[in-house]
Amino acid sequence: MGLQSLEHRLERMVEGVFRRSRGSIRPIELGRRLVREMDDNRTVDVKGRRMVPNDFTVLLNPNDNAGFADIETALVTELAEAAREYAREEAYHFIGPVNVALTVDERLKPGRFSVVSQLKQGRGGVGAGSIVLPSGQRVSLGEHTTTIGRLPESTITIDDGNVSRQHARIAPGARGYVVTDLGSTNGTLVNGSRIAGQQQLADGDIISFGSTHLRFEAS
């Protein structure tokens, strides 16, 4: 089910966008190889969670790499998103943010590529938490505190009269990320329920500030 979903995603969101690529390698081939790396290199941690690589380096022939040059940023973004979606469907876990990079390997023939993967921990030992905005943009949480409010200097600025200037913050805790309401006028909701001060976040939680809804992803 997970592989089928990933292939549909790449066909829908990647192949259409990258149809103009001049290389002989199709993006979906890269996606399938990333999936294989995750499946072949999964391990089980002390908590019984299935941990998989989160850092991928795609090695390409110089000509194939040049064929992706104009679309590289969008390509690696979509491949990383597809890997995250596959991990969610397979109940895999990452120990750090997902990263995909393309690089040249002069030894490879045109049309051939390889992928080197590793489990790479986030800075400061934190996991791969992120906030997905309504636009689809992803804000990585990392080890720092993420602030939410109307103030322009907030990490996530929300232009909504129902949102306080300094509304809430999200920060790493002992067991994952925690959202804390900063005494806002209208409160902070998680999955539709107003929190009392602060609350531990779980993968897929919807955090609401006024009429704006953000999604927390632990992977």
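I'll start with a helix contact: Pro27, Leu30, Gly31, Leu34, Val35, Met38 and Asp39 in α2 meet Leu75, Leu79, Ala83, Tyr86 and Ala87 in α4. Sorted by class, this contact of α2 with α4 has ten nonpolar residues, one polar and one charged. Before going on, I should say that what you have in front of you is a predicted model.

Now the geometry of that helix pair. Two packed helices are described by the angle between their axes and by the distance between the axes. Helix α2 covers residues 27-40 and helix α4 covers residues 72-90; their axes come within 10 Å and cross at roughly 40 degrees. That angle makes α2 oblique to α4. As for handedness, the crossing of α2 and α4 is right-handed.

Staying on α4 for a moment, there is a salt bridge to look at. Side chains of opposite charge can pair when their charged atoms come close. Here the side chains of Glu81 and Arg84 meet in a salt bridge, with 3.2 Å from N to O. Why are Glu81 and Arg84 separated by about one helical turn? Because they are three residues apart in helix α4. If you want the count for the model, it comes to eight salt bridges.

Back to α2, which also has a sheet beside it on my list. Helix α2 lies across β3, β5 and β6, and runs at about 40 degrees to β6. Those strands form an open sheet of three, in the order β5-β3-β6, with mixed pairing. The edge strands are β5, at 99-104, and β6, at 113-118, and each of them pairs on one side only. On average, and ignoring direction, neighbouring strands of this sheet are turned by 20 degrees against each other. Strand β3, residues 55-60, pairs with β5 in the parallel sense over six bridges. If you want a place to look, Thr57 stands opposite Ala101 in β5.

Next, the five-stranded sheet. Its order is β10-β9-β11-β12-β15; it is open, and the pairing is mixed. Which strands are the edge strands? They are β10, at 156-157, and β15, at 198-200, each pairing on one side only.

Moving inward, strand β9, residues 146-149, pairs with β11 in the antiparallel sense over three bridges. In that pairing, Ile148 stands opposite Ala168 in β11. On to β11 and β12. Strand β11, residues 168-173, and strand β12, residues 176-181, run antiparallel and are joined by six bridges. Two partners can be picked out along β12: Tyr177 is the bridge partner of Pro172, and Thr180 is the bridge partner of Arg169. The connection from β11 to β12 is a hairpin through two residues.

The last group is built around β16 and β17. Strand β16, residues 206-209, pairs with β17 in the antiparallel sense over four bridges. Within that pairing, Ile207 stands opposite Leu214 in β17, and the bridge partner of Ile206 in β17 is Arg215. How many residues lie between the strands in the hairpin of β16 and β17? There are two, and in this hairpin Gly210 takes a positive phi near 60 degrees.

Strand β16 also has a partner in β13. Strand β13, residues 189-190, is joined to β16 by two bridges, and the two run antiparallel. There, the bridge partner of Val190 in β16 is Ile207. So keep an eye on Ile207 when you turn the model: Ile207 is the bridge partner of Val190, and Ile207 stands opposite Leu214 in β17.

Strand β17, residues 212-217, pairs with strand β7, residues 130-132, in the antiparallel sense over three bridges. In β17, Arg215 is the bridge partner of Val132. Arg215 was mentioned a moment ago as the bridge partner of Ile206.

To recap: α2 meets α4 at an oblique, right-handed crossing, α2 lies across β3, β5 and β6, and the five-stranded sheet runs β10-β9-β11-β12-β15. That is what I have.

Technical notes
Residues are numbered from 1 along each chain as its sequence is written. This is a predicted model: local features need pLDDT of at least 70, side-chain atom pairs count only at pLDDT 80 or more; totals for chains, interfaces and linings use all residues. Side-chain values use heavy atoms; hydrogens and water are left out. Axes are lines fitted to C-alpha atoms, for helices over the stretch in contact, and angles run from 0 to 180 degrees between N-to-C directions. Angles under 35 degrees count as roughly parallel, over 145 as roughly antiparallel, 65 to 115 as roughly perpendicular and the rest as oblique. A crossing is left-handed if the near helix is turned anticlockwise from the far one by less than a right angle, and right-handed if clockwise. Contact means heavy atoms within 4.5 Å. Ala, Val, Leu, Ile, Met, Phe, Trp, Tyr, Cys and Pro count as nonpolar, Asp, Glu, Lys and Arg as charged, and the others, Gly among them, as polar. Two strands pair if DSSP finds at least two bridges between them. A salt bridge is a side-chain nitrogen of Lys or Arg within 4 Å of a carboxyl oxygen of Asp or Glu.
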